[in-house]
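I opened this model to go through its sheets, its helix packing and a few backbone angles. My notes follow in the order in which I looked things up.

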Amino acid sequence: MSLGLLLPDEGVTALLTSWPNEPLVFERGSTELDRTVTPALIDHYIDTGCVPADEIALVKSGPSLHPDCHRTNGRTDPAKLRKLYSDGYTIRLGNLQRVVPFLAEVARGIQQETGYSNYLHAFLTPPRSQGLLHHWDQQMAVIAQIEGEKRWQLWRPEYSAPMREYQESFRVWDPNFIPKWEEAGPDIEVDLKPGQSLLLPRGWVHNPHALDSDERSVHLTFAIRERTPLWIAEKLIAAAIEEQDFRRVILPGDLLSADLPGRIQETRQALVQFLEQVDVDQLASVVRRAATSELEYTT
């Protein structure tokens, strides 16, 4: 079981049966994940430049650097990466499930076990440093600490159940957020150590750093994209393409005319009639297959 590489049995059970809405820390111990994705392996990918340049970001207590800062002739430049790391920048190696075969198998296994697509990033933070500042994410994250220690300051969500572009932190950002959070202090604070995993539900504000540590921090973030009723609704609507009436052209003039509300009402009524006739048992097999195979960003 792939989830069993990230979490102990009680953590896997919590994820599959209740999908926690509060952060939880679990003792993972040493699993095949730890024995395979070692700090040395991560260093090797950095020093060989084998992670695609587009999947790398460098962050130091703020926005990411321009991508050209770690590239030469458009390709990943290991020497530039190491220089920026020595200057205190966190290196994020993105979408390692596309690069490391073992992690591709883990990601595929998680999707088979949950029906949720997923991806994973590795973060290397130098001692006494910080990469990303306060923000929140759009999906459940399982953070597996591999080396060193990272402090996670956590605040309860500002918005309920953000997803996709809806209520992303940078889209609804208020400059008063950080002063407010800092004045109140974190709701939860976790010093994550090797062999531990943190379940971090979507929407929870987090400010991770290694500012108090004399060791570098290496962790993997597995982002698990929850399916929602909207996702099923999209599958229902997508099935309407089989009906010719939904494929006929709407004339440009109709989209710009005063009759557009009427056209929208007409289409809504046609959609309702179509949905009432959908064979839900037949569609269920399509949805189930999509849940365990789709790799695109669908939540």
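Entry 1, backbone angles. I am working from a predicted model. I began with Ala 161, which is partly exposed, with a relative accessible area of 38%. The cut-offs I used put buried under 20% and exposed over 50%, so a value in between is partly exposed. I looked up the backbone of Ala 161 and found a positive phi of about 50 degrees, although this residue is not a glycine. Ala 161 sits in the loop that runs between strand E8 (150-155) and helix H7 (177-184).

I then turned to Trp 19, another non-glycine residue with a positive phi, here near 45 degrees. Trp 19 belongs to the loop between helix H2 (9-17) and strand E1 (24-27). I asked myself whether Trp 19 counts as buried or partly exposed. Its relative accessibility is 21%, so Trp 19 counts as partly exposed.

Entry 2, the seven-stranded sheet. I traced an open sheet of seven strands, and the order reads E1-E10-E7-E12-E6-E5-E2. The pairing in this sheet is antiparallel. I noted E1 and strand E2 (56-59) as the edge strands, since each pairs on one side only. From one strand to the next, the twist averages 20 degrees.

At the E2 edge, I found four bridges joining E2 to strand E5 (residues 90-93), and the two run antiparallel. Within this pair, Leu 58 stands opposite Ile 91 in E5.

At the E1 edge, E1 pairs with E10 in the antiparallel sense over four bridges. Leu 24 stands opposite Leu 199 in E10. I followed E10 to its pairing with E7, which is also antiparallel and has four bridges. There, Ile 143 faces Leu 198 of E10 as its opposite residue.

Entry 3, strand E10. How many residues of E10 are buried? I found that five of the five are, so E10 is largely enclosed by the rest of the structure. Side chains in a regular strand alternate between the two faces of the sheet. I therefore listed the two sides of E10 separately, using under 20% relative accessible area as buried. On one side are Gln 196, Leu 198 and Leu 200, and on the other are Ser 197 and Leu 199. These residues are all buried, and both faces of E10 are covered.

I also looked for what lies over this part of the sheet. Helix H2 lies across E1, strand E7 (140-147), strand E10 (196-200) and strand E12 (217-224). H2 runs at about 145 degrees to E1.

Entry 4, the three-stranded sheet. I found an open sheet of three strands in the order E9-E8-E11, with antiparallel pairing. Its edge strands are strand E9 (188-192) and strand E11 (205-209), each of which pairs on one side only. The twist in this sheet averages 20 degrees from one strand to the next. E8 and E11 pair in the antiparallel sense, and I noted five bridges between them. I looked up the partner of Arg 151 and found that its bridge partner in E11 is His 209.

Entry 5, helices H4 and H5. I looked at how helix H4 (residues 39-48) meets helix H5 (residues 78-86). Their axes come within 7 Å and cross at roughly 120 degrees. H4 and H5 are therefore oblique to each other. From H4, I listed Asp 43, Ile 46, Asp 47 and Thr 48, which meet Pro 78, Leu 81 and Arg 82 in H5. Sorted by class, this contact of H4 with H5 has three nonpolar, one polar and three charged residues.

Entry 6, helices H8 and H11. Helix H8 (residues 229-238) packs with helix H11 (residues 280-291) at an angle of about 125 degrees, and their axes are 11 Å apart. That angle makes H8 oblique to H11. I noted the crossing of H8 past H11 as right-handed. Which residues of H8 meet H11? They are Trp 231, Lys 235 and Leu 236, and their counterparts in H11 are Leu 283, Val 287, Ala 290 and Ala 291. By class, I have six nonpolar, no polar and one charged residues for the contact of H8 with H11.

Definitions and conventions:
Residues are numbered from 1 along each chain as its sequence is written. This is a predicted model: local features need pLDDT of at least 70, side-chain atom pairs count only at pLDDT 80 or more; totals for chains, interfaces and linings use all residues. Side-chain values use heavy atoms; hydrogens and water are left out. Axes are lines fitted to C-alpha atoms, for helices over the stretch in contact, and angles run from 0 to 180 degrees between N-to-C directions. Angles under 35 degrees count as roughly parallel, over 145 as roughly antiparallel, 65 to 115 as roughly perpendicular and the rest as oblique. A crossing is left-handed if the near helix is turned anticlockwise from the far one by less than a right angle, and right-handed if clockwise. Contact means heavy atoms within 4.5 Å. Ala, Val, Leu, Ile, Met, Phe, Trp, Tyr, Cys and Pro count as nonpolar, Asp, Glu, Lys and Arg as charged, and the others, Gly among them, as polar. Buried means under 20% relative accessible area, exposed over 50%, partly exposed in between (1.4 Å probe, protein chains only). Two strands pair if DSSP finds at least two bridges between them.
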